[in-house]
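Here is a short tour of a single structure, taken one region at a time. Have a look at the sequence and the model, then read on.

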Amino acid sequence: MRAIMVDVDGVLVRGRSDDGRHWSMSLEADLGISADDLHREFFAVYWDEIVIGRAALADRLRPVLRKIAPHLTAEQLIEYWFSRDARLDESLLADLIQLRSSGIQIHLATNQEHLRAKYLLDKLGLAKHVDSIQYSAQIGAKKPEPEFFRAVVARTGFNPSDILLIDDAARNVQGAKAMGWSAALWTNERPLHKILSDIGG
């Protein structure tokens with residue numbers, strides 16, 4: 001194993017900074033917009049094209065907010081979202097930093113759009129702890145699509161057998177294995193060293 005590809009949401013980042021709950025839990029109380037309305041009018045309609053880079057987050061969000069929350073700008077909602085969906089798993093991050101110091105490359109492998117990918121690297125400071133980020137909007141395909149895994153191999157130069165994916169979605173673990181990667185389901189119950197031991201890493 002030469003590289004560990006780590007999922008972000010549900011693995012390295014786990015909800016709100018103060019309590020780990022979903023970032024939109026207090027959305028209506030804080031910003032006066034219903035999380036259900038936002039999901040129905042925005043995420044359910046536009047997220048699939050945004051997350052693979054075919055549409056820009058703010059461009060799709062602005063007309064939705066004019067309809068359901070005209071008092072809010074896209075920038076205000078995005079800042080609220082990103083800043084609250086930002087609780088790092090410090091224990092896992094420490095383990096990854098230690099592994100990276102031993103020569104194993106650490107990459108983020110995540111379904112993200114461009115703005116949050118940048119936020120993760122710059123504002124959350126992950127850039128200094130990983131070798132790269134491989135994300136869906138950049139690649140044009142998302143996990144568990146085969147194109148995502150092929151692109152990561154091509155971009156990094158690793159053989160599929162060199163790579164371990166850590167992910168909290170079973171479909172992504174299965175997709176990675178189908179492409180020749182090693183992969184482990186993250187449940188937040190077993191520490192990383194136990195997972196590596198179990199797969200012979």
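Leaving aside its neighbours within four places in sequence, which residues is Ile195 in contact with?

## Starting at Ile195

Keep in mind that this is a predicted model. Setting aside residues up to four places away in sequence, Ile195 touches Ile166, Ala184, Trp186 and Arg190. Ile195 sits in helix α10. Its relative accessible area is 2%, and because buried means under 20%, Ile195 counts as buried.

One of those contacts, Ala184, is 11 residues from Ile195 in sequence, with 7.2 Å between their C-alpha atoms. Another, Arg190, has a partner of its own: its side chain meets that of Asp198 in a salt bridge, at 2.3 Å from N to O. Both ends of this pair are partly exposed, Arg190 with a relative accessible area of 32% and Asp198 with 43%.

## Two backbone oddities

Most residues other than glycine have a negative phi, and most peptide bonds are trans. Two spots here go the other way. Asn188 is not a glycine, yet its phi is positive, near 65 degrees. Asn188 belongs to the loop between β5 (182–185) and α10 (192–199), and at 38% relative accessibility it is partly exposed.

The other spot is the peptide bond between Lys143 and Pro144, which is cis, with omega at about 5 degrees. Look for Pro144 in the loop between α7 and α8.

## Salt bridges

How many salt bridges does the structure hold? The count is 18. One of them pairs Lys142 with Asp48, with 3.2 Å between the closest N and O atoms. This pair links distant parts of the chain: Lys142 is in the loop between α7 (136–139) and α8 (146–156), Asp48 is in helix α2, and 94 residues separate them. Lys142 is partly exposed at 22% relative accessibility, while Asp48 is exposed at 52%.

Now for a pair that is tucked away. Arg116 and Asp85 also form a salt bridge through their side chains, 3.4 Å from N to O. Arg116 is in helix α6 (residues 114–122) and Asp85 in the loop between α4 (74–84) and α5 (90–101), so this bridge ties together parts 31 residues apart in sequence. Are these two buried or exposed? Arg116 is buried, at 2% relative accessibility, and Asp85 is buried too, with a relative accessible area of 12%.

## How α6 and α4 pack

Arg116 has company in its helix: the buried residues of α6 are Arg116, Ala117, Tyr119 and Leu120. Why do they end up on the same side of α6? They span an arc of only 160 degrees around the helix axis, so they share one side of α6. What they pack against is α4 and β3 (132–135).

Turn to α4 and you find Ala74, Leu77, Ile78, Tyr80, Trp81 and Phe82 buried. The cover over these α4 residues includes α1 (27–31), α2, α3 (57–68) and α6. The contact between α6 and α4 thus shows up from either helix: α4 is among what the buried residues of α6 pack against, and α6 is among what covers the buried residues of α4.

## The largest pocket

Rolling a probe the size of a water molecule over the atoms shows where empty space is left. The largest pocket has a volume of about 800 Å³. Its lining is made up of 32 residues, and those nearest the centre are Asp9, His22, Trp47, Asp85 and Asn111. You have already met Asp85, as the salt-bridge partner of Arg116.

Which helix gives the most to the lining of the largest pocket? That would be α2, with 8 residues. Helices α2 (35–51) and α9 (170–178) each contribute at least two residues to the lining. Sorted by class, the lining has 12 charged, 11 nonpolar and 9 polar residues.

Note on methods:
Residues numbered from 1 in each chain as written. Predicted model: local features only at pLDDT ≥ 70, side-chain atom pairs only at ≥ 80, totals over all residues. Heavy atoms only, no water. 1 Å grid on protein atoms, 1.4 Å probe; cavity = no way out; pocket = protein on both sides within 12 Å on 5 of 7 lines; lining within 4 Å. Points joined across faces, edges and corners; volume = space filled by probe spheres on them. Helix = DSSP H or I, 4+ residues; strand = E, 2+ residues; numbered from the N terminus. Nonpolar A, V, L, I, M, F, W, Y, C, P; charged D, E, K, R; others polar. Salt bridge = Lys/Arg side-chain N within 4 Å of Asp/Glu carboxyl O. Buried < 20%, exposed > 50% of the residue type's maximum accessible area, 1.4 Å probe, protein only. Arc of directions from axis to C-beta. Contact = heavy atoms within 4.5 Å.
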